[in-house]
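Colleague: Could you pick one strand in this model and take me through it closely? After that, I'd like to hear about the salt bridges.

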Amino acid sequence: MITRTALRAALLLAAALASTAFGAAVPSPPRPITDAASLMSLANADARPVPVADLVFTRSAANPVWSADGKTLFLVSNLSGRANIWRMAAGGSWPVQMVQSDDVQSGLAASADGQWLYYTQDSGGNEYADLYRVPAAGGAIEQITRSDDVSETDPLPAKSGAIAIGHKRKGAAQTNLAVLDGRTVRMLTDEKDPQWNWEAVAWVANDGALIANRLNVGGNDGEVWRIDAASGKATLLLGKKGLVYAASDSSPDGASIAITSDESSGQDHAGVLDAGTGKLRWLAATPWEQSSGAMSPDGKSMLVRTNVDGRSTLALIDTASLVSKPLPLPPGVNSAPAGAFAPDGRSLIFGHGGADTPSDLFRYDIASGTSQPLTQTAMASLTPANLPKSHIVAFKGFDGTLLSAVLTMPFNLKRDGSAPAIVLPHGGPTGQSQDGFSRTAALFASRGYLVIQPNFRGSTGYGRAFQQANHNDLGGGDLKDVLSARDFLVATGFVDAKRIGITGGSYGGFMTLMAIGKAPGAFAAAVQQYGIINWRTMWDNEDARLQAYQRSLIGAPDEFKGVYEAVSPLTFIRAATAPLLSLQGENDIRVPRGQAQEVADILKAKGNSVETVFYKAEGHGFQKRENQLDALSRTLEWFERHLKPAR
């Protein structure tokens, strides 16, 4: 329990941080300020509330990989209500289920001989995965590793049959690299520093070596290495203290490597490394986040993704000339997997989604420049013409910092200050709200709520200075940015300031708890999902890998005097008055069950309206369809009850 002395010290520290750290605006890419009063609500006689079940039964299609012959695609979909592996013809077909499990599969990788599909799977969301394989044609599943004290991730098969894997021991923070030969695991790296992790990128030189990244948890440093597969000898190709370099793919001979770095500008941009000379060649400068992606099988082309304020584009880059050929894609979120190119290099696979368009997979033919849809995940009721539209809006925060948000606008509103609204902060905090499909935004905007998803300081996409601007100040300046987003909603003229709610998951749940505790009059109701309330108890209970990430944000407990109290909702939650619904997975290793229980106990003791729901066999986020449906239904009912007038 926090004493009055500790509480007073925490409040004084929070005030001191506010007066010293926020004297100047945090830099980010330039963009015009949005006039809130200029935003319009379009008329649409056919608009209807989207049924909750239709949103939940709109399926997913993720983690696509090509078969060795390019005739088949493997993917993870929740067609059955569980996120399992399916396969389909590369030209499009009804998918066939390959794996049935209550647990989620990920890390799909096809063997070079076409015989096997490798994947990883944990148990009940505990985030300790083992390696499995299933015949590419379908058949009995084989569990390759069975280690309770090690998590094996990200399999990368070589033509020789060896498999590079991420290898993290229980109790250790760092992930190392290992090679699996048959059933024998051989370590390639021996990282000692808990703030660093290794990841395999590509096999090169006829499987004689690996291109790999060594990345700092805090996002301050990143290095690119070449590792000899036989001896484990590692050679640094690219690295400089204080700069981030990361490889995304390589030509087969290892001579040309696709690179993303924040060198010079503090903003990620893409280039090509000549491994022989060490020379880096950069694409044309842009103020926006840009990242390299997959290389074609011959190494002559690479994909590059540019994220412009939450909307992304894809382009094919000639690796010799760096000439860019943008793919003709609709606005929204466009992305491609690590192995996007077909084995023959003639086509590639990508995903597209938008505020009015649930995400689907597409195949792009490079010669013709045309795209073909491969999946259709949406329920019939989710037609783009009748789903609410989004705007990317920009406004200034309390200290003049330029902020952006995705605002989803309902149809048929009057500008009379009567509409309810929802503020939806993202997780992370190192994440970004992008202009893709959001079940929550579509659910509420189709019922007359304005929904705003702010990219507060600490978000990715706006450069390193912006991303690190909330370090040691979680729930301080970034919360003020969220409150600025709330004020922007009111400034549109559509919203009733007394009928605004807030909801989010993980760090968005933390932000929800901080908002109702530090600004108790700002929100009329709240729903938090697996949000942090006490950073100290979280540190005591979480995995060492998550401790390393937490340390990069706010230090270890007592490393910086008073910070843990100043950034914990527990310090402020007793001031909360808004009705609160908490939703939590029982197996969450990131935010343990006790965090939600602690919130409930405190608020119930002071007579607040509070409900708490725990979901069995769920981790950090809800994977089972029945739990997704229950959580979304409860969220809707909570805000309908507390933000709309009684009928």
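Modeller: I'll start with the strand and its neighbours, then move on to the charged pairs and one loop residue.

Ground rules: this is a predicted model, where local features need pLDDT of at least 70, side-chain atom pairs count only at pLDDT 80 or more, and totals for chains, interfaces and linings use all residues. Numbering runs from 1 along each chain as its sequence is written, and side-chain values use heavy atoms, without hydrogens or water.

My pick is strand β31, residues 419-423 (strands are DSSP E runs of at least two residues, helices H or I runs of at least four, numbered from the N terminus). Five of its five residues are buried, so the rest of the structure largely encloses β31 (buried is under 20% relative accessible area, exposed over 50%, partly exposed in between, with a 1.4 Å probe and protein chains only). Look at its two faces and you'll find both covered. Ala 419, Ala 421 and Val 423 are buried on one side, and Pro 420 and Ile 422 are buried on the other.

Now for the partners of β31. Strand β33, residues 495-505, runs parallel to β31 and is joined to it by four bridges (two strands pair if DSSP finds at least two bridges between them). Strand β32, residues 450-455, also pairs with β31 in the parallel sense, over three bridges. Ile 422 is a handy spot to centre your view: Gly 501 in β33 stands opposite Ile 422, and Val 451 is the bridge partner of Ile 422 in β32. Helix α3, residues 439-445, belongs here too, since β31, α3 and β32 make a right-handed β-α-β unit (with the strands pointing away from the viewer, the path from the first strand over the helix to the second runs clockwise).

On to the charged pairs. There are 26 salt bridges in the count (a side-chain nitrogen of Lys or Arg within 4 Å of a carboxyl oxygen of Asp or Glu). One of them is between Glu 142 and Arg 183, whose closest N and O atoms are 3.3 Å apart. That pair ties together distant parts of the chain, 41 residues apart: Glu 142 sits in strand β8 (residues 142-143), and Arg 183 in the loop between β11 (176-181) and β12 (184-187). Glu 142 is partly exposed at 27% relative accessibility, whereas Arg 183 is exposed at 51%.

Another bridge brings the side chains of Arg 186 and Asp 181 together, at 3.7 Å from N to O. Arg 186 is partly exposed at 30%, and Asp 181 is partly exposed at 36%.

For a buried pair, try Glu 223 and Arg 214, which form a salt bridge with the closest N and O atoms 3.2 Å apart. Glu 223 has a relative accessible area of 16%, so it counts as buried, and Arg 214 is buried at 15%. There's also a network of salt bridges, linking Arg 82, Asp 102 and Glu 626.

One last stop is Asp 588, in the loop between β35 (580-585) and α10 (593-605). Asp 588 is buried, with a relative accessible area of 4%. Its C-alpha atom lies 8.9 Å from that of Ala 617, a residue 29 positions away along the chain.
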